[in-house]
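Q: Hi! Could you walk me through the side-chain contacts and empty spaces in this one?
A: Happy to, let's have a look together.

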Amino acid sequence: MEKKIRIWEAAALLLSSAVLAFGLYEIHSFSGVTEGGVLGAVLLLEHWFGVSPAITGAVLNTLCYLFGIRTLGKPFLIRSAIAAGGFSLSYYLIEMTPPLFPHIAEYPLAAALCGAVFVGVTVGICVLIGGAPSGDDALAMSLSKRTGLRINWIYLFSDLTVLLLSLTYIPFHRIMYSLLTVVLSGLIIGWMTRCYEKIKNCPPEDEKQGRNTP
């Protein structure tokens, strides 16, 4: 990974984290369908202590990034700081506006599916660039490198832990929808990373032709 971050990488990280903040606020925070990992943890803390995810997200993310810095390196920390900063700032600005979908709680299945797409795609983009908009992404990437486990399985374990804690304020049937969005978002992230690895490891077309030439 290059030490210097490119302008397009920084822009992609900021845009992805802003879209992630939009999805977490507009869908998850009003639908009763939560997320796992740090994203679910900040919603849990917001419910019980009234602290904005813009603040708790910054604190939890910093702790997780410190854990992963040795494994993932300084370039990762820089990219993650951009993504996490973009998320906190975007969430702070978005939560000052009225909700666009105030009745989203009446459609938990739609909330689960849309939430999975918002989280899966935006986090997947950040991971491919080499950063993480939330701390559990840093943990998952670090543990995946250390253990060799697929990143989507690590996501699933941390997500299930947060979902169990979320039962303290979310009804069981809503947790089932939350489990759906967690599984789907993890699958999307895993699928994106595997596709990227296949494309990266695929030899150029001219090399393929050269191999086939007698």
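Q: Before we start, what does buried mean here?
A: Buried means under 20% relative accessible area, while exposed means over 50%. Also keep in mind that this is a predicted model.

Q: Good. Is Y25 buried or exposed, and what about Y91?
A: Both Y25 and Y91 are buried. For Y25 the relative accessibility is 7%, so this residue falls under the 20% cut-off.

Q: How many aromatic pairs does a search of the whole structure find?
A: The search of the whole structure finds five aromatic pairs. In one of them, Y25 and F30 have ring centres 5.1 Å apart and planes at 85°, so this pair is edge-to-face.

Q: And how exposed is F30?
A: F30 is partly exposed, with a relative accessible area of 30%.

Q: What about the rings of Y25 and Y91, how are they arranged?
A: That pair is edge-to-face too, because the planes of Y25 and Y91 stand at 90°, with the ring centres 5.7 Å apart. The pair links distant parts of the chain: Y25 sits in helix α1 (residues 7-31) and Y91 in helix α3, 66 residues apart.

Q: Which residues do ring pairs link into a cluster?
A: The cluster consists of Y25, F30, F87 and Y91, linked by ring pairs.

Q: Switching to charges: how many salt bridges does a search of the whole structure find?
A: The search finds one salt bridge. The side chains of E9 and R79 meet there, at 3.0 Å from N to O.

Q: Which parts of the chain does that pair tie together?
A: E9 lies in helix α1 and R79 in helix α3, so the salt bridge ties together parts that are 70 residues apart in sequence.

Q: Are E9 and R79 buried or exposed?
A: E9 is buried, and R79 is buried as well.

Q: OK, new topic: empty space. How much of it lies in the largest pocket?
A: The largest pocket holds about 730 Å³ of space. There are 24 residues lining the largest pocket, and the closest to its centre are V127, L128, Y196, E197 and K200.

Q: Which elements give two or more residues to that lining?
A: For the largest pocket, those elements are α1, α3, α4 (108-129), α5 (135-147), α6 (151-166) and α7 (172-201).

Q: And which one gives the most?
A: That is α7, which gives six residues to the lining of the largest pocket.

Q: What about closed spaces, how many cavities of 30 Å³ or more are there?
A: The count comes to one cavity of 30 Å³ or more. The largest cavity has a volume of about 70 Å³.

Q: Which residues are closest to its centre?
A: E35, V119, D136, Y155 and I189 are the closest to the centre of the largest cavity, out of 13 residues that line it. The elements giving two or more residues to that lining are α4, α5, α6 and α7.

Q: Where does the largest share of the cavity lining come from?
A: From α7 again: three residues of the lining of the largest cavity belong to α7.

Q: Last one, the outside. Which residues make a nonpolar surface patch?
A: I55, V59, L63 and L66 make a nonpolar surface patch of about 410 Å².

Q: Where is I55, and is that residue buried or exposed?
A: I55 is in helix α3 (residues 53-94). With a relative accessible area of 53%, I55 is exposed.

Note on methods:
Residues numbered from 1 in each chain as written. Predicted model: local features only at pLDDT ≥ 70, side-chain atom pairs only at ≥ 80, totals over all residues. Heavy atoms only, no water. Patch = residues over 30% accessible without salt bridge, like charges linked within 9 Å, V, L, I, M, F, W, Y side chains within 5 Å. Areas by Shrake-Rupley, 256 points an atom, 1.4 Å probe, with all protein chains shown as cover. Salt bridge = Lys/Arg side-chain N within 4 Å of Asp/Glu carboxyl O. Helix = DSSP H or I, 4+ residues; strand = E, 2+ residues; numbered from the N terminus. Buried < 20%, exposed > 50% of the residue type's maximum accessible area, 1.4 Å probe, protein only. Phe/Tyr/Trp six-rings, centres within 6.5 Å; stacked < 30°, edge-to-face > 60°. 1 Å grid on protein atoms, 1.4 Å probe; cavity = no way out; pocket = protein on both sides within 12 Å on 5 of 7 lines; lining within 4 Å. Points joined across faces, edges and corners; volume = space filled by probe spheres on them.
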